[in-house]
Amino acid sequence: DVLQRIESTEPDIHAFLQVAGEQARERAQHLDANIGDAAKLGILFGIPAALKDNMCTKGVRTTAGSKILGNYIPPYNAAVVDKLAQSGTVIVGKLNMDEFAMGSSNENSAFFPTRNPWNPEYVPGGSSGGSAAAVAAGEIPFALGSDTGGSIRQPAAFCGVVGLKPTYGLVSRFGLISYASSLDQIGPITRTVEDAAVVLQAIAGHDDRDSTSANVAIPVYLDVLTGNVKGLRVAVPKEYFGEGMDPAVSEKVREAIQQLEKLGATVDEVSLPHTKYAVAAYYLLAPAEASSNLARYDGVRYGVRVDSENLIDMYKQTRSQGFGTEVKRRIMLGTYALSSGYYDAYYLRAQKTRTLIKRDFEQVFETYDVILAPTAPTTAFKIGEKVNDPLTMYLNDICTIPVNLAGIPAISVPCGVVNGLPVGLQIIGKAFDEATVLRVAHAFE
Ligand code: GLN
């Protein structure tokens, strides 16, 4: 069964922070007892799955990949956890991630790095690297990840699986441990586009407990997977094929685009002129929000406390020992960008840039149905290769970050292999038009 499969695969992959075997067995037995009642069978009835460890699970340790939450057992479930339960899913465990979802390689996990199932010397991507690796290694049929700047799509690309970042607001963030709240979004990591459609169906929808949750009609996603892309208008932004892109990756993506043309889509090159500012804007806005969100980890209310004689020193010790290097770097960056003397020069300017990036997309979507691009500028890199160079690490997100800044949906699907490692094709759509994104993605299967 799935637990045996995990047991035999984990020594090579290290995707799980925790396997909740006992809970999973109990839950499966409970479902078995209800199998007679057809009305109770959800669309994921009996399907095992696992969650990135930043989604709160009642009674099951939830760490966000951080030592500071190393002993945190949430008293409640994230909205997506309840939704999956209603659909019949059996959750079997919690998956490794970069600490507080900050990273692109899983090397920022406070516990251990996850390995890429295609080659254990390579990173699985991040920050949902545990989720992508577990699915790619066949440990579980699907996982949930979260995507703030690419953390579902980039690891999906690096591990050769499907990863969908929904429109901001489509999936409730209630019970998701916040990184940058205006960018964070939960989505599925699966083996096929069909599976992504089913999982999205299960987790999408309005939730009063998330004030940014959208109240929109949700289509039946499986119904749109017709294979038909005739007359589809496809835009290919030239900025996504420029400097810093591995030519072998661009080549595979271009081949995929040609394939779509053969299926009857029309393809034009377009420009998204503000793309070059996206990474800079993101690395002001995301750390700014993170510095505020992470202020709550003070040793008083959650998780680990390092005792000391006085309160201020207790805060200091707890945060110094509880947070890792990358998290501290971002808290400092964010606090600096928000400080009164620098707010206009950095935070405010980054917000204005975000608006320009959003407008670039809106303009293209006046004429086109989808945008096609690479998911990442390279295939997976070696463990250790970029850890001492945060800037190169940040630049790996150049293709995914603009999508989060604009709040729109995008999926990564496998589109070939270069030097034994998979390449991801990214399909970007209009806000709340996951149906078209999925339909186009499905045409490649
Ligand atoms: N790699 C990016 C970062 O470190 C994106 C992470 C994410 O999407 N959670 O911020």
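Two strands count as paired here if DSSP finds at least two bridges between them. Keep that in mind for the sheet. One caution before we start: this is a predicted model.

So, the sheet. Eleven strands, 11 by the program's numbering, form an open sheet with mixed pairing. The order is β1-β3-β2-β4-β6-β5-β10-β11-β9-β7-β8. At the edges sit β1, residues 16-19, and β8, residues 266-270. Each of these edge strands pairs on one side only. On average, neighbouring strands are turned by 30° against each other, direction ignored.

Next, the helices on that sheet. Helix α2, residues 21-33, packs on it and touches β1, β2 and β3. The direction of α2 makes about 160° with that of β3. Helix α7 takes residues 247-262. It lies across β7, β8, β9, β10 and β11. Against β10, α7 runs at about 115°.

One strand pair in detail. Strand β2 covers residues 48-52, and β4 covers residues 142-147. They run parallel, joined by 3 bridges. Alanine 50 stands opposite alanine 143 in β4.

Now the annotated site. Which residues does UniProt list for "active site"? The entry, which is unreviewed, gives Lys52, Ser127 and Ser151. These are spread over 100 residues of sequence, yet they cluster in space. The largest C-alpha distance among them is 10.8 Å.

Take the two serines in turn. Serine 127 is in the loop between β3 and α4. Is serine 127 buried or exposed? It counts as buried, because it has 34 C-beta neighbours inside 10 Å, and the cut-off for buried is 20 or more. Beyond its neighbours within four places in sequence, serine 127 is in contact with Met97, Asp98, Ala101, Met102, Gly103 and Ser151.

Serine 151 lies in the loop between β4 and α5. Serine 151 is buried too, because 35 other C-beta atoms lie within 10 Å. Not counting residues up to four places away in sequence, serine 151 touches Ala101, Gly126, Ser127, Ser128, Gly145 and Ser146. Note that Ala101 appears in the contacts of serine 127 and in those of serine 151.

Last, the ligand. How many residues are around it? There are 13, and Ala101, Ser104, Thr148, Gly149 and Ser151 come nearest. By type, the shell divides into 4 nonpolar, 7 polar and 2 charged residues. Ser151, then, is listed by UniProt for the active site and is among the residues that come nearest to the ligand.

Methods. Residues are numbered from 1 along each chain as its sequence is written. This is a predicted model: local features need pLDDT of at least 70, side-chain atom pairs count only at pLDDT 80 or more; totals for chains, interfaces and linings use all residues. A residue is near a molecule or strand if its C-beta atom, placed from the backbone, lies within 6 Å of it. Ala, Val, Leu, Ile, Met, Phe, Trp, Tyr, Cys and Pro count as nonpolar, Asp, Glu, Lys and Arg as charged, and the others, Gly among them, as polar. Helices (H or I, at least four residues) and strands (E, at least two) are DSSP runs, numbered from the N terminus. Axes are lines fitted to C-alpha atoms, for helices over the stretch in contact, and angles run from 0 to 180 degrees between N-to-C directions. Two residues are in contact if their C-beta atoms, placed from the backbone, lie within 7 Å. UniProt positions are given in the numbering used here, feature names are shortened, and annotations may be inferred rather than shown by experiment. A residue is buried if 20 or more other C-beta atoms lie within 10 Å of its own, exposed if 12 or fewer, and partly exposed in between; C-beta atoms are placed from the backbone.
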